[in-house]
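Please look over the model shown below. The report then takes up single residues, the sheet and the pocket.

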Amino acid sequence: MTGTNTLVAALGRGTVVLDGGLSNQLEAGGHDLSDRLWSARLLAERPEAVTEAHLAYFEAGADVAITASYQATFEGFALRGIGRDRAGELLGLSVRLAREAAGRARAKGVRRPLWVAASAGPYGAMLADGSEYRGRYGLSVAELERFHRPRLEVLAAAGPDVLALETVPDTDEAAALLRAVRGLGVPAWLSYSVAGGRTRAGQPLEHAFALAADADEIIAIGVNCCAPEDVAPAIQTAARVTTKPVVAYPNSGETWNAETRAWDGPSTLTPQQVTHWRESGARLIGGCCRVGPDTITAIAEALRD
């Protein structure tokens with residue numbers, strides 16, 4: 001989109017609603033995501049299911065669909081015997097499927113602008129061992145940049161509206177991603193996974209957010225895949241440290257029980273919270289793990305009141 005319909009222009013006018021957890025929507029449709037490729041496996045095996053999941057969120061009130069490429073990497077696909085050329089095709093397909101969902105939503109009467117964010121998860125997502133929530137992989141910034149740059153080039157070439165550099169656990173990886181997006185010609189947002197006012201690796205958020213303060217490619221900075229209770233202080237810090245719009249899309253508030261391999265406890269994400277986040281400076285607001293279309297509808301209604 002161009003002119004007044006760009007995502008950047010929309011952020012200048014007000015709040016934009018992100019979608020919810022793609023994985024839980026796919027699982028609700030009966031799809032097994034226990035594979036190490038997670039939702040990226042369905043790009044090859046059930047692409048229609050991915051389109052339907054995106055469509056459900058657009059119909060629920062989301063303005064932005066985040067693609068199924070979070071765990072899609074050349075290295076991860078190679079471990080499944082998928083060659084580099086085919087892996088590149090699947091990365092590009094993730095963007096096209098979200099575009100197709102937007103087209104279907106418009107055909108069904110959705111008239112507001114719709115955008116596509118190409119997801120790029122952290123290095124630890126490719127490892128599929130939980131290290132994405134710890135960071136500190138033992139790799140240099142240059143090594144992490146070499147890992148991220150090739151798939152970001154392919155995703156950018158597929159024509160998304162924005163790159164979602166998401167669930168970043170530490171500042172080394174953030175620095176690598178900021179270098180990797182230079183010159184791609186596509187804007188990006190950078191969102192950290194946080195706990196208690198620090199990155200998952202334990203660094204102060206003031207420093208983490210400041211890294212992107214002067215990066216022209218970054219149109220928003222914030223947090224995702226965290227507890228709802230950690231969002232408000234993070235937004236306040238991001239708004240104080242940078243002049244950029246803030247992005248916030250936490251988990252539902254339920255907690256993962258590794259022993260039972262199930263989610264425990266109630267959801268704590270409420271429409272009242274998101275209106276407070278907007279007042280504090282958040283402009284891109286949605287949900288991550290365990291946040292479904294019903295919650296996105298409630299968020300959209302609260303933010304559009």
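K244 is buried in this predicted model. Its relative accessible area is 15%, and the cut-off for buried is under 20%. K244 sits in a loop, between α11 (231-241) and β9 (246-249). What does K244 touch, leaving out residues up to four places away in sequence? The contacts are A212, A213, A215, I218, I219, A220 and I221. W189 is 55 residues from K244 in sequence, yet the two C-alpha atoms are 9.9 Å apart.

**The open sheet**

The sheet is open and has 8 strands. Their order is β1-β12-β9-β8-β5-β4-β3-β2, with parallel pairing. Strands of a sheet pair through backbone hydrogen bonds, in either a parallel or an antiparallel way. Which strands stand at the edges? They are β1 (16-17) and β2 (64-66). Each has a single partner strand, so one side of each has no neighbour in the sheet.

Take β4 and β5 next. β5 covers residues 188-192 and runs parallel to β4, joined to that strand by 4 bridges. Across this pair, A164 faces W189. L165 stands opposite L190.

How many of the 5 residues of β5 are buried? The count is 5 of 5. In a regular strand, side chains alternate between the two faces of the sheet. On one side of β5 lie A188, L190 and Y192, and on the other W189 and S191. Both faces are covered.

Helix α9 (residues 171-180) lies across β4, β5 and β8 (218-224). Its angle to β5 is about 175°.

β8 and β9 also run parallel, with 4 bridges between them. Here G222 of β8 stands opposite V247 of β9. β9 has buried residues pointing both ways: V246 and A248 in one direction, V247 and Y249 in the other.

**Positive phi values**

Three residues with positive phi are set out here.

| Residue | Place | Phi |
|---|---|---|
| A128 | loop between α7 (123-127) and α8 (141-157) | about 55° |
| T167 | strand β4 | near 60° |
| G281 | just after α12 | about 125° |

A128 is not a glycine, and neither is T167. Are these two residues buried or exposed, wholly or in part? A128 is partly exposed, at 35% relative accessible area. T167 is buried, at 2% relative accessibility.

**Helices α12 and α6**

G281 follows α12, the helix of residues 271-280. Which residues of α12 are buried? They are Q273, V274, T275 and W277. An α-helix has 3.6 residues a turn, so residues three or four places apart point the same way. The buried residues of α12 pack against α11, β12 (282-285) and α13 (293-303).

S94 belongs to helix α6 (residues 84-107). S94 is buried, with a relative accessible area of 0%. Beyond its neighbours within four places in sequence, S94 is in contact with L43, T67, A68, S69 and L155. G185 lies 91 residues from S94 in sequence. The C-alpha distance between S94 and G185 is 19 Å.

**The largest pocket**

The largest pocket holds about 1300 Å³ of space. It is lined by 46 residues. Which of them come closest to its centre? They are S23, W38, Y133, W263 and C289. Four elements give two or more residues to the lining: α2 (22-28), β4 (162-168), β6 (194-195) and β10 (255-257). α2 gives the most, with 4 residues.

What is the make-up of the lining? The residues divide into 18 nonpolar, 16 polar and 12 charged.

**Drawing it together**

Strand β4 links several of these topics. β4 pairs with β5, lies under the crossing of α9, holds T167 and gives residues to the lining of the largest pocket. β9 comes just after the loop of K244 and pairs with β8.

Terms used. Residues numbered from 1 in each chain as written. Predicted model: local features only at pLDDT ≥ 70, side-chain atom pairs only at ≥ 80, totals over all residues. Heavy atoms only, no water. 1 Å grid on protein atoms, 1.4 Å probe; cavity = no way out; pocket = protein on both sides within 12 Å on 5 of 7 lines; lining within 4 Å. Points joined across faces, edges and corners; volume = space filled by probe spheres on them. Nonpolar A, V, L, I, M, F, W, Y, C, P; charged D, E, K, R; others polar. Pairing = 2+ DSSP bridges. Contact = heavy atoms within 4.5 Å. Axes fitted to C-alpha atoms, helices over the stretch in contact; angles between N-to-C directions. Buried < 20%, exposed > 50% of the residue type's maximum accessible area, 1.4 Å probe, protein only.
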